[in-house]
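Okay, thanks for making room for me today. Let me put the structure up so we can walk through it together.

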Amino acid sequence: MNKIYPICVIGGGSAGVMAVLRTVLNNDETLFFPGTKKDRKKSREKWVKKVENMPGHLEYTRGIQEPNLESLNWLAEGVFKKKFHWKKDLGVTSLVKTGDVFKVTDSEDQVYECKHVILCTGVTDVQPHIQESIRDILPFANKQTADYCLRCDGHHVFDKELAIIGETNSTAWVAIMLYERYRNTTVNILTNGKKVEFSDETSKLLEAYKIEVHDEEIMQILGDVRSGSLDGFVLSEGKNISAEICFISLGMIVYNELAIAAGAEVDQRGFVLTNPKGETNIDGLYIAGDLRAGLKKQIYTAWDSAVDAADDINAKIRRENRKKVLELN
Ligand SMILES: Cc1cc2nc3c(=O)[nH]c(=O)nc-3n(C[C@H](O)[C@H](O)[C@H](O)COP(=O)(O)OP(=O)(O)OC[C@H]3O[C@@H](n4cnc5c(N)ncnc54)[C@H](O)[C@@H]3O)c2cc1C
């Protein structure tokens with residue numbers, strides 16, 4: 001008979017590492033797939049640099065990966081090491097529930113059986129295409145002069161000329177919110193060639209705050225790719241927009257494929273629906289982190305949702321064991 005692992009954690013970002021930390025410290029044997037190098041490259045954990053909106057993180061230059069690795073190494077060497085099966089550099093390619101176990105296939109085609117799964121595959125932010133390529137924005141994203149997350153990095157715009165790249169009413173609200181908070185002297189919205197109709201209220205506020213909307217295509221980013229210092233953008237027809245910092249507001253790609261394949265329900269944007277403990281409509285399948293519907297997309301919410309899932313599974317395991325004890329006595 002195959003071994004059935006009590007818990008499998010899929011994803012090695014903020015939620016996945018907190019999930020595995022909690023399940024192993026709860027003394028529940030855990031199989032852990034952090035993802036392949038390719039999975040990690042597509043994830044947010046890889047792109048997070050300095051974390052300034054949480055205490056204790058200022059020393060790290062890669063604010064998710066560095067502390068995560070410290071905790072994983074500590075677990076792998078510590079007293080619970082026999083309960084921790086860390087499948088380094090492996091991802092999961094298939095997740096199917098058969099009877100009351102999940103069959104998990106890894107990126108090397110090995111199949112495992114697990115009783116509970118905490119899925120933490122996250123999301124990624126849509127990048128702007130400059131002349132059909134996303135490469136041009138990346139050096140600036142690396143140096144945080146192109147930012148994505150308002151709660152994390154919104155404060156970077158203070159006292160700077162600001163541009164917002166995006167093409168929806170939400171983009172306009174990112175601009176409005178940042179202006180209301182930081183009163184930047186220059187705020188421009190760049191729709192990168194898309195014609196956008198804003199609601200009446202939005203248009204009135206943009207006008208009142210002197211936020212201009214430019215619907216020409218972005219042809220070039222001005223600045224120094226080495227230092228990441230941003231000077232602005234050249235739009236089609238030669239228009240120059242000055243900007244020292246930009247925010248990207250183009251939405252998210254949700255990595256929900258495994259959840260959907262296992263039968264989990266998702267909302268209109270693709271985030272996976274769960275109960276308050278993070279369990280989906282599929283018994284034993286839990287979601288933590290950015291993938292879960294209705295949560296802030298932040299490290300601390302990823303942590304909290306991971307702990308809720310791990311502890312709920314532990315309570316189920318303990319209840320089952322307790323039942324057996326009572327039956328025997
Ligand atoms: C540029 C940027 C800066 C940010 N800064 C901050 C900040 O300062 N403070 C803050 O609180 N939040 C910040 N955030 C948000 C934060 O990154 C996310 O909320 C957090 O990473 C979510 O954790 P997660 O585990 O859900 O996803 P992620 O951390 O993105 O992890 C997803 C994991 O899933 C794995 N994976 C994907 N597919 C598979 C698969 N098939 N099999 C196995 N594994 C798989 C990946 O390898 C990865 O390890 C920032 C986001 C961005 C984009």
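I'll go through a sheet, then a hairpin, then one residue in a loop.

Quick reminder before we start: this is a predicted model.

So, the sheet. We've got an open sheet of 5 strands, all pairing parallel, and the order reads β8-β15-β9-β10-β11. At the edges sit β8, residues 146-147, and β11, residues 212-214, and each of those pairs on one side only. If you want one pair to look at, take β9, residues 162-166, with β15, residues 245-249: they run parallel over 5 bridges. There you'll find L162 standing opposite I245 in β15. Now, what lies across β9, β10 and β15? That's helix α7, residues 169-182, and it runs at about 160° to β9.

Next, the hairpin. Here β12, residues 218-224, pairs with β13, residues 229-235, and this time the sense is antiparallel, over 6 bridges. Pick G223 and you'll see its bridge partner in β13 is L230. The turn has 4 residues between the strands, and G228 in this hairpin takes a positive phi near 80°.

Last stop, V51. You'll find V51 in the loop between α3, residues 44-47, and α4, residues 65-77. Is V51 buried or exposed? It counts as buried because 21 other C-beta atoms lie within 10 Å, and the cut-off for that is 20 or more. Skipping neighbours within four places in sequence, V51 is in contact with H57, Y60, G63 and I299. And back to the hairpin for a second: the C-alpha atoms of V51 and D224 are separated by 23 Å, with their positions 173 residues apart along the chain.

Technical notes: Residues are numbered from 1 along each chain as its sequence is written. This is a predicted model: local features need pLDDT of at least 70, side-chain atom pairs count only at pLDDT 80 or more; totals for chains, interfaces and linings use all residues. Two strands pair if DSSP finds at least two bridges between them. Helices (H or I, at least four residues) and strands (E, at least two) are DSSP runs, numbered from the N terminus. Two residues are in contact if their C-beta atoms, placed from the backbone, lie within 7 Å. Axes are lines fitted to C-alpha atoms, for helices over the stretch in contact, and angles run from 0 to 180 degrees between N-to-C directions. A residue is buried if 20 or more other C-beta atoms lie within 10 Å of its own, exposed if 12 or fewer, and partly exposed in between; C-beta atoms are placed from the backbone.
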